[in-house]
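Me: I'm new to this structure and would love a close look at a single part of it. Could you take me through it slowly?

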Amino acid sequence: MNPQADTNNDTTTTSERPRKIKFDYEDDDQFQDETLDETVTESSNLEDDALMCDTDEIGADKTSADYYFDSYSHFGIHEEMLKDAVRTKTYQNVIYKNTFLFKDKVVLDVGAGTGILSLFCAKAGAKHVYAVECSQMADMAQEIVKANGFSNVITVLKGKIEEIELPVAQVDIIVSEWMGYFLLFENMLNTVLYARDKWLVNSGVVLPDKASLYLTAIEDAEYKEDKIEFWNNVYGFNMSCIKKQSMMEPLVDTVDQNQIVTNCQLLKTMDISKMAPGDASFTAPFKLVAERDDYIHALVAYFDVSFTKCHKLTGFSTGPRSRATHWKQTVLYLEDVLTICEGEALTGSMTVSQNKKNPRDVDIMIKYSLNGRRCLISRTQYYRMR
Ligand SMILES: C[S@@+](CC[C@H](N)C(=O)[O-])C[C@H]1O[C@@H](n2cnc3c(N)ncnc32)[C@H](O)[C@@H]1O
């Protein structure tokens, strides 16, 4: 989940999602005037403004980590996650349908948010649940636990996993929803691995325990024009220096499955119960074979997670052929428009690493080449998820 992104609650199917905002030009002037008037009226009460404005919160010395945790303090982001039924119902099903995992067990909920996963675990018969949450939402989680009569089973601890002291030396199960856009954005996975290494018993279970990243290629002429080429000519001015920046930022959006031109390639599977923190940085080769003659404008990454310790293998995918989730897909535009014929292969590799300055950001390097009948190309591109 990206706390800085828009909080669109729409989790309908991809075909129903508008990918573009269309503007009506006719009434633009009138609309602008109205907006200005409203702004003047709204900000005319200076006393109210002073009350609303906590100057301590606007310090220039805030780090991006502060902004990260602040955004999880607002209920809106939790509302969006809770309403993502693919996500939340999968966790609920995993926990309710596998009570054998939880009965009389001690559970650690890493990044509890509103406490929803802790409540599921308590209901499934856990002996005790420690719900650790570092944002202000921890106070709400405390109230929610009390309001639902689970105060004797769930202990909410406000603080960072890396800094808190657990009242117990070991836990039997770690449950967490840590996945960010492109799976690894936000880098909360390291927090889960930290908790695993510090508190999980030898035979303990991590839920979910597998996560895989995939890559495919799409035709996306219209949207690339709108998002990237747009900067070439803005009201007659050349703003292509911004184009370079916009190319470097992967776009989080839903992709229509009809845009997919090639196969979907598995890049990397992570075993959360065994992996080392460094394993989240990797280079993986890919070979994307065209399933029809078409153009390729972008590569698209998505992930799935699975819970392999359940009676029945359970999980969900965030791919373009699956029901939409708030993670959508991650689109990486290519500088070149590739013309590819059915059966030809776009080959290359993707390198993923934590950004050195801001470890919550992800650096991506893609090397690709196509040696086809209509197109001969070889290039390296750099991206940063921020
Ligand atoms: C993606 S949300 C999931 C919230 C909740 N578990 C759910 O499923 O709705 C992740 C939560 O983890 C918290 N978090 C992130 N890093 C943390 C850390 N190092 N220690 C404690 N909480 C953390 C965030 O504040 C956020 O509320």
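Why does Q257 count as partly exposed?

Reply: Happy to help! Please keep in mind that this is a predicted model. Q257 has 15 C-beta neighbours inside 10 Å, and therefore counts as partly exposed. A residue would need 20 or more such neighbours to be buried, and 12 or fewer to be exposed. As for where to find Q257, look in the loop that links β7 (251–253) with β8 (265–271). Another residue to pick out alongside Q257 is I218: the two are 39 residues apart in sequence, yet their C-alpha atoms are 8.8 Å apart in space.

From that loop, you can move on to the open sheet. Its 5 strands follow the order β3-β2-β1-β4-β5, with parallel pairing. At the edges sit β3 (154–158) and β5 (200–207), each of which pairs on one side only. From one strand to the next, the twist averages 20°. For one pairing in detail, take β1 (residues 106–110) and β4 (residues 171–176): these strands run parallel and are joined by 4 bridges. Within this pair, L108 has I174 of β4 as its bridge partner.

Strand β2 of the sheet also leads us to the ligand: β2 (128–133), α4 (75–83) and α7 (116–123) each supply at least two residues of the shell around it. The largest share, 3 residues, comes from α4. Of the 23 residues around the ligand, Y72, G111, G113, C134 and E177 come nearest. Sorted by class, the shell has 13 nonpolar, 6 polar and 4 charged residues.

How values were computed:
Residues are numbered from 1 along each chain as its sequence is written. This is a predicted model: local features need pLDDT of at least 70, side-chain atom pairs count only at pLDDT 80 or more; totals for chains, interfaces and linings use all residues. Two strands pair if DSSP finds at least two bridges between them. Axes are lines fitted to C-alpha atoms, for helices over the stretch in contact, and angles run from 0 to 180 degrees between N-to-C directions. A residue is near a molecule or strand if its C-beta atom, placed from the backbone, lies within 6 Å of it. Ala, Val, Leu, Ile, Met, Phe, Trp, Tyr, Cys and Pro count as nonpolar, Asp, Glu, Lys and Arg as charged, and the others, Gly among them, as polar.
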